[in-house]
Amino acid sequence: MASLTALREGIATRLETISGLNVYAYVPDTIVTPAAMVAPAPDTFIEWDTTQGGQTQDYTFVVTVFLP
């Protein structure tokens with residue numbers, strides 16, 4: 001399973017394919033618009049599923065878009 005950091009950076013990498021969009025995988029000191037910032041969702045970003053003896057995690061991320 002990929003780490004939380006690797007998942008967040010993977011989402012950011014995909015967003016970087018949008019021409020002209022500045023992408024941040026972490027909360028930056030300053031933001032240059034237009035921009036998208038990827039962050040784990042507050043409170044419920046990891047959910048554990050232990051049904052059928054398995055152990056999986058579901059991660060929820062928030063992508064915030066900033067416009068000029």
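# A tour starting at Ala-36

Select Ala-36 to begin: its relative accessibility is 1%, so this residue counts as buried, the cut-off being under 20%. Keep in mind that the model is predicted. Ala-36 is found in strand 2. Leave out neighbours within four places in sequence and show what Ala-36 contacts: Leu-15, Leu-21, Asn-22, Val-23, Tyr-24, Val-63, Thr-64 and Val-65. For a distance check, pick the C-alpha atoms of Ala-36 and Leu-67; they are separated by 8.9 Å, with these positions 31 residues apart along the chain.

**Whole chain**

Zoom out and colour by secondary structure. The protein chain has 1 helix and 5 strands, in the order α-β-β-β-β-β along the sequence. Of its 68 residues, 19% count as buried. The chain exposes about 4,900 Å², and 55% of that area comes from carbon and sulfur atoms. Switch to a contact map if the viewer has one: among contacts between residues at least 6 apart in sequence, 37% join residues at least 24 apart.

**Strand 2 and its partners**

Select strand 2, residues 35–40, together with strand 1, residues 22–24. These two strands pair in the parallel sense over 3 bridges. One pair to label is Tyr-24 and Met-37, where Met-37 is the bridge partner in strand 2.

Now add strand 5, residues 61–66. Strand 2 and strand 5 run antiparallel and are joined by 6 bridges. Label Ala-35 and find Phe-66 of strand 5 opposite.

**The loop before strand 2**

Which bond joins Thr-33 and Pro-34? Display the backbone there: the peptide bond is cis, with omega at about -5 degrees. Pro-34 lies in the loop between strand 1 and strand 2.

**The core**

Next select Ala-12, Leu-15, Val-23, Ala-25, Ala-36, Val-38 and Phe-61 and show side chains. These 7 residues make up the largest nonpolar core. Helix 1 (4–15) and strand 2 each supply at least two residues of this core. In soluble globular proteins, nonpolar side chains tend to be buried together.

Within the core, centre on Val-38. Not counting residues up to four places away in sequence, Val-38 touches Arg-8, Ile-11, Ala-12, Leu-15, Tyr-24, Ala-25, Tyr-26, Phe-61, Val-62 and Val-63.

**Val-62**

From that list, move to Val-62, whose place is in strand 5. Is Val-62 buried or partly exposed? Its relative accessibility is 35%, so Val-62 counts as partly exposed. Beyond four places in sequence, the contacts of Val-62 are Met-37, Val-38, Ala-39, Pro-40, Ala-41 and Pro-42. Set a C-alpha to C-alpha distance between Val-62 and Ala-39: the value is 5.4 Å, for a separation of 23 residues in sequence.

**Out to the surface**

Last, select Val-65, also found in strand 5. Val-65 counts as exposed because its relative accessibility is 53%, and the cut-off is over 50%. Add Val-63 and Leu-67, then draw the surface. Together with Val-65 they form a nonpolar patch with about 290 Å² of accessible area.

To close the loop, turn back to the starting residue: Val-63 and Val-65 of this patch are also among the contacts of Ala-36.

Terms used
Residues are numbered from 1 along each chain as its sequence is written. This is a predicted model: local features need pLDDT of at least 70, side-chain atom pairs count only at pLDDT 80 or more; totals for chains, interfaces and linings use all residues. Side-chain values use heavy atoms; hydrogens and water are left out. A nonpolar core is a set of buried Ala, Val, Leu, Ile, Met, Phe, Trp, Tyr and Cys residues joined through side-chain atoms within 4.5 Å. Buried means under 20% relative accessible area, exposed over 50%, partly exposed in between (1.4 Å probe, protein chains only). Helices (H or I, at least four residues) and strands (E, at least two) are DSSP runs, numbered from the N terminus. Contact means heavy atoms within 4.5 Å. Patches are made of residues with over 30% relative accessible area and no salt bridge: like charges are joined within 9 Å, nonpolar side chains (Val, Leu, Ile, Met, Phe, Trp, Tyr) within 5 Å. Accessible areas come from the Shrake-Rupley method with a 1.4 Å probe; for residues, only the protein chains shown count as cover. A salt bridge is a side-chain nitrogen of Lys or Arg within 4 Å of a carboxyl oxygen of Asp or Glu. Two strands pair if DSSP finds at least two bridges between them.
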